Amino acid sequence: MSNTTDERVRRASVFSKILSMPEVGAFLGAIAIFILFTSRDTTGNFAGLGGLAGWSDIASTIGMVGIAVSLLMIAGEFDLSSGVMVGSVGLLIGLLVTEFNMNIWLAIIIGLVFAGAIGFLNGWLVHKTKLPSFIVTLATFFVLKGANLAYTMMVTGAVRVTGVDKAPGYQSAYNIFAYQFIVSPDGGVHSFQIQASVIWWVGFTLLGTWVLTRTKFGNWIYAAGGDANAARNAGVPVARTKIALFVTTALTAGLVGVIDVLRLQGMQAGQGIGYEFFYIIAAAVGGTLLTGGAGSAIGASIGAVIMGMAYIGIPYAQWDSNWTSTFLGLILFTAVMVNTYIGRKARGGKR
Amino acid sequence: MANALELRNVEKSFGSVIALQGVSIEVEEGAVTCILGDNGAGKSTLIKILSGVHKPSKGEFIVAGQPADYDSPRDALDAGIATVFQDLATIPLMSIWRNFFIGNEITKGWGPFQFLDVATMRAITKQQLLAMGIDLRDVNQQIGTLSGGERQAVAIARAEYFGAKVLILDEPTSALGVRQSGIVLKYLLKAKERGVAVIFITHNPSHAFLVGDRFFLLNRGRLLNRFERSNVQMEELTKAMAGGRDLETLTEEIEAVRARG
């Protein structure tokens, strides 16, 4: 059947087909950033294992939540409470193990159940009140931000929780979530640490891509964000799909909270605040449409790689790292603009 | 032919507003039943009763000889009554085959490991559209790249493939140009030929006259008139729809204005 061609099919070149994929702009951008920092590198490590260990560390946790945020954005919703959730779950686990001597595994489960419940509440409120998710999750963000600080101060008398490493079960949890793989190609002269979170991140990228492109649920995500009314008329459970994505986003942020609290052996009350924008930037740079209906998991991962490379590349180039956010802002704007432009060109000028 | 669907003396009121009153229609299998009416005639309320959104306040709703009592559009859909809404039929950024199977995806695998059977869905989409005479290019392209008429056609083919015995088309031509309208009317006749009971809702008597077998005229919530194809002319239909004398008066008024200019 695929052999019969129609004379009206303008022979779409492989090139323009590739260009019309949303993540391609981000991929080209990542290569450009890589070349930029490799050429400006003063240490000679950026293009090697040292650089990889550095940027993959940063990219992994941004990417994990970035993928979930990307799926949520494809479905047409935002979650501004995803950053603070990292702190909330980390602090909750920290307080449970240090104040109640709880086994860390039990604390992790409680932390993730808490995250899932807040995610469900976000989705349910958006569904029931019909208010924009931007407002609902902004409210959740501020509620949690205040609670994180107030509760930590109340219980510990300080703005941080420490001593998580003394909890029962810590080592086994650390091995799963925060292990550092030592890589030393020259037999111990130089060694680099690759984080366990990188493996989680790669897994999330594969899982996210599979869900989006090859499952029923993925089809519903695109449909819910593309046109919620048409989706509903076709029998797609739009509300359930969106609520499931709010829960997924909160759970993923919670998982990053678990990773952080194990790795840092404690947590600051302000941890995670501001991360929500990293996740949104990663998704947007990766070609996710802010109005919903289009995007990909791999795109969000590439967006996270770009951010990781910027964070490592700027100090390697001996630029003033105070400018990192400015640099990210410019990347965000340029990437979204180029993505939109390429997409328009590749589709033959339409939309 | 048997009646696929019937309304007997149906009334629908919302509080003190009576939207429909004493409406009786019969819809035959393998025929096109047109429901004509100007804005505010009660067409939307009628569609919503037929598609399971509203329940009639009074009267009987009979589907395939059995009284029907639907709580949701899903119930009506399960009974084989599919509605193609004018703008809400497809999702522009998704591919044609994804649109075709949305909400009815074919999966392989087991439990949490179910995944989409993409190849089968692509093949069925292509084959079903061809069977309807829709000569399409590439089922992977975004449906937004198709013309308005083609999108309606995909929605019609989809409704049929998923077992629609009654197909309700809500103003399918009102936003389309002449040529595109023609395309939709052609596919509508294809559906009829395959034995589907087609309900064509429109305010355009010339489109209705092109394809209709039976015509019901609604005005201000009441059934004003009914015609069979054999006993009605185009002029009569247009006149009846515009309220007969109203149109004559309007014509005179317009001519008076033109004469002055």
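Here is a chat between a colleague and a modeller about a predicted model with chains A and B.

Colleague: Let's start with confidence: what is the mean pLDDT of chain A?
Modeller: It's a predicted model, so we check the predictor's confidence in each residue, on a scale from 0 to 100. In chain A, 93% of the residues reach 70 or more. The mean pLDDT of chain A is 90.

Colleague: And over which residues of chain A does pLDDT stay under 50?
Modeller: Where pLDDT is low, the predicted coordinates shouldn't be read in detail. One stretch of chain A stays under 50, and the model has 2 contacts for it beyond four places in sequence. That stretch is residues 1–5.

Colleague: How many helices and strands does each chain have?
Modeller: Chain B comes with 9 helices and 12 strands. For chain A, the count is 14 helices and 4 strands.

Colleague: What radius of gyration does chain A have, next to that of a compact globule?
Modeller: Chain A has 351 residues, so the globule rule gives a value near 20 Å. The C-alpha atoms fill a box of roughly 70 × 55 × 40 Å along the principal axes. The model's value agrees with the rule: chain A has 21 Å.

Colleague: Same thing for chain B: what is its radius of gyration?
Modeller: With 261 residues, a compact globule would come out near 18 Å. The box for the C-alpha atoms of chain B is roughly 70 × 45 × 35 Å. Chain B agrees with the globule rule, at 20 Å.

Colleague: Which helix of chain A gives the most to the largest nonpolar core?
Modeller: That core holds 177 residues, and A:Ile306, A:Met307, B:Leu167 and B:Ile199 touch the most other members. In soluble globular proteins, nonpolar side chains tend to be buried together. The top contributor from chain A gives 14 residues, and it spans residues 238–264: helix H11.

Colleague: Which residues is B:Ile199 in contact with, leaving aside neighbours within four places in sequence?
Modeller: B:Ile199 is one of the core residues that touch the most other members. Its contacts are B:Val27, B:Thr33, B:Ile35, B:Leu50, B:Val166, B:Leu167, B:Ile168 and B:Leu169.

Colleague: Now helix H13 of chain A: how many of its residues are buried?
Modeller: Helix H13 covers residues 297–316 and reaches 29 Å from its first C-alpha to its last, close to the 28 Å expected. After H13(A) comes A:Gln318, whose phi is positive, near 60 degrees. H13(A) is mostly covered, with a buried count of 18 of its 20 residues.

Colleague: Is A:Asn148 buried or exposed?
Modeller: A:Asn148 lies in helix H6 of chain A. Beyond four places in sequence, A:Asn148 touches A:Val84, A:Gly87, A:Ser88, A:Leu91 and A:Ala269. A residue needs 20 or more other C-beta atoms within 10 Å to count. A:Asn148 has 25, so the answer is buried.

Colleague: How far apart in space are A:Asn148 and A:Gly87?
Modeller: In sequence, A:Asn148 and A:Gly87 are 61 residues apart. Going C-alpha to C-alpha, the distance in space is 7.4 Å.

Colleague: Last one: which helix gives the most to the side of chain A that touches chain B?
Modeller: There, 23 residues of chain A are in contact with 23 residues of chain B. Helices H9 (216–226) and H10 (228–233) each supply at least two residues of chain A's side. That side divides into 9 nonpolar, 7 polar and 7 charged residues. The one that gives the most, with 5 residues, is H9(A).

Technical notes
Residues numbered from 1 in each chain as written. Chains lettered and ligands numbered in written order. Predicted model: local features only at pLDDT ≥ 70, side-chain atom pairs only at ≥ 80, totals over all residues. Core = buried A, V, L, I, M, F, W, Y, C linked by C-beta atoms within 7 Å. Buried ≥ 20, exposed ≤ 12 C-beta atoms within 10 Å, placed from the backbone. Contact = placed C-beta atoms within 7 Å. Nonpolar A, V, L, I, M, F, W, Y, C, P; charged D, E, K, R; others polar. Rg over C-alpha atoms; globule rule 2.2 N^0.38 Å. Expected span 1.5 Å × (residues − 1).
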